[in-house]
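Student: I should like to learn how salt bridges and helices are read from a model. May we go through one structure together?

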Amino acid sequence: MNHQSHTMKSILSACIEKNLSFAIFSYPGTTEIELIIENPTSNHHQQAGFILRPFELSNEHPEVFIPADFHLNSGSDWTKYVVKILALPRIKKSHNAPKIHFTDKDRYLVDLEKGILSMPTLKVDKFIYSRIEKVDTTDDLDRAKLFFQVIENQKTAFVYLVNHPQSGMWMGATPETLTSWKGGTISTMSLAGTQPDLGGLPLWEQKEKEEQDYVTKYIETCFSKNRIPYQTEETKSIKAGPVYHLQNAISSLGKVSFIQALHLTQSMHPTPAICGVPLPRAKNLIRALEKHERAYYTGYLGFINPHKEVQLFVNLRCMQILSNYVALYLGGGITSKSVAEKEWEETVLKSQTLLNELESLSAK
């Protein structure tokens with residue numbers, strides 16, 4: 001570990017130990033790190049900062065904003081900040097442990113089978129079903145070390161570790177952008193359909209094309225409602241690791257203000273990608289079936305600067321870190337042809353992203 005990396009880890013460890021409100025993250029395709037810390041002693045906070053929004057707003061799960069009172073990136077001299085950050089006061093921890101509902105395999109299969117059977121009657125083409133898995137950890141889990149390890153191993157994802165008294169501590173490696181606003185242009189994408197990479201471009205069925213069309217039209221409607229002229233690129237098959245997806249890139253025409261960009265993002269959430277098709281009916285089915293609160297899973301998060309940029313991501317492949325265990329949030333898309341047992345196996349496969357990191361850390 002070089003001197004810069006050692007200093008970064010020391011500062012992050014201090015933020016964790018002091019229970020400060022902070023967010024440390026790295027964008028897809030880079031290992032460059034940014035750290036945002038709220039100064040609890042300041043009366044004048046920065047407008048730029050890190051936002052964490054839940055799947056559904058509630059008193060228990062509010063939208064959280066961490067102002068960039070300290071904003072360090074790869075170009076910063078981190079050594080200069082060490083003394084200032086070590087001098088910040090420790091924030092008292094909440095004694096209320098969150099009530100998290102964990103789903104065992106039998107319950108998951110029973111409820112999902114019930115959901116699949118009800119889809120034709122409820123006229124739901126697809127819905128996203130999730131569960132939470134509990135993984136015991138030791139009290140001395142090195143969260144700073146874990147974050148830097150995930151950065152190294154998940155280079156194609158938005159990797160983050162965020163802490164706030166109202167949300168608790170969350171970590172994730174999400175592959176999906178929600179919205180990006182730079183230079184007055186806002187861009188997003190519709191993404192649907194999944195096929196394995198068999199060595200050539202996939203042949204898409206009509207149903208998959210229709211699902212993609214629904215997602216695209218949903219996003220276009222959000223642009224129209226916000227009175228933002230837009231352009232939609234042609235549908236493409238794009239490769240993402242071992243699979244292909246259908247994708248349409250959608251971006252604004254002409255200048256868009258920061259407020260417009262924020263309003264568009266809020267009106268898009270939750271998207272069909274995290275709820276289903278058609279969206280209102282799929283959301284009702286999720287509410288009826290899922291026994292747990294999704295909290296910040298399938299919400300969105302990222303950096304916002306009113307004068308410069310917005311970079312927001314859908315919160316997938318994530319976990320909540322508690323004192324002696326972590327809660328892994330796992331989900332998948334369900335159609336009337338889905339087999340509950342196979343869907344369970346897919347969530348187990350998805351859990352490996354972060355489970356492998358935890359196991360690798362404890363083995364060192």
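**Salt bridges and a helix**

Tutor: Let us begin with a single residue: at 46% relative accessibility, Glu 152 counts as partly exposed. Please keep in mind that the model is predicted.

Student: Which residue forms a salt bridge with Glu 152?

Tutor: The general idea is to look for a side-chain nitrogen of Lys or Arg within 4 Å of a carboxyl oxygen of Asp or Glu. Here the partner is Lys 155, and the closest N and O atoms are 3.9 Å apart. Lys 155 is likewise partly exposed, its relative accessible area being 41%.

Student: How many salt bridges does this rule give?

Tutor: The count is 16 salt bridges. One of them joins the side chains of Glu 56 and Arg 287, with 2.4 Å from N to O. Glu 56 belongs to the loop between β3 (49-53) and β4 (64-67), while Arg 287 belongs to helix α7 (residues 279-289), so this pair ties together parts that are 231 residues apart in sequence.

Student: How are Glu 56 and Arg 287 placed, buried or exposed?

Tutor: Glu 56 is partly exposed, with a relative accessible area of 31%. Arg 287 is also partly exposed, with a value of 47%.

Student: Where in the chain do Lys 105 and Glu 341 lie?

Tutor: These two residues form a salt bridge whose closest N and O atoms are 2.8 Å apart. Lys 105 lies in helix α3 (residues 105-122) and Glu 341 in helix α8 (residues 340-363), so the pair links distant parts of the chain, 236 residues apart. Lys 105 has a relative accessible area of 31% and is partly exposed; Glu 341, at 32%, is partly exposed too.

Student: What span should α3 have?

Tutor: One multiplies 1.5 Å by one less than the number of residues. For the 18 residues of α3 the expected span is 26 Å, and the end C-alpha atoms are 25 Å apart, which agrees. At the start of α3, a side-chain oxygen of Asp 104 comes within 3.4 Å of the backbone nitrogen of Asp 106. After the helix comes Lys 123, whose phi is positive, near 55°.

Student: Which residues of α3 are buried?

Tutor: A general point helps first: an α-helix has 3.6 residues a turn, so residues three or four places apart point the same way. In α3 the buried residues include Tyr 108, Leu 109, Asp 111, Leu 112, Gly 115, Ile 116 and Met 119. Asp 111 also takes part in a network of salt bridges with Arg 107, Lys 114 and Lys 291.

Terms used. Residues are numbered from 1 along each chain as its sequence is written. This is a predicted model: local features need pLDDT of at least 70, side-chain atom pairs count only at pLDDT 80 or more; totals for chains, interfaces and linings use all residues. Side-chain values use heavy atoms; hydrogens and water are left out. Helices (H or I, at least four residues) and strands (E, at least two) are DSSP runs, numbered from the N terminus. Buried means under 20% relative accessible area, exposed over 50%, partly exposed in between (1.4 Å probe, protein chains only). A polar contact is a pair of N or O atoms within 3.5 Å; within protein, one must be able to donate a hydrogen and the other to accept it, and residues adjacent in sequence count only if both atoms are side-chain atoms.
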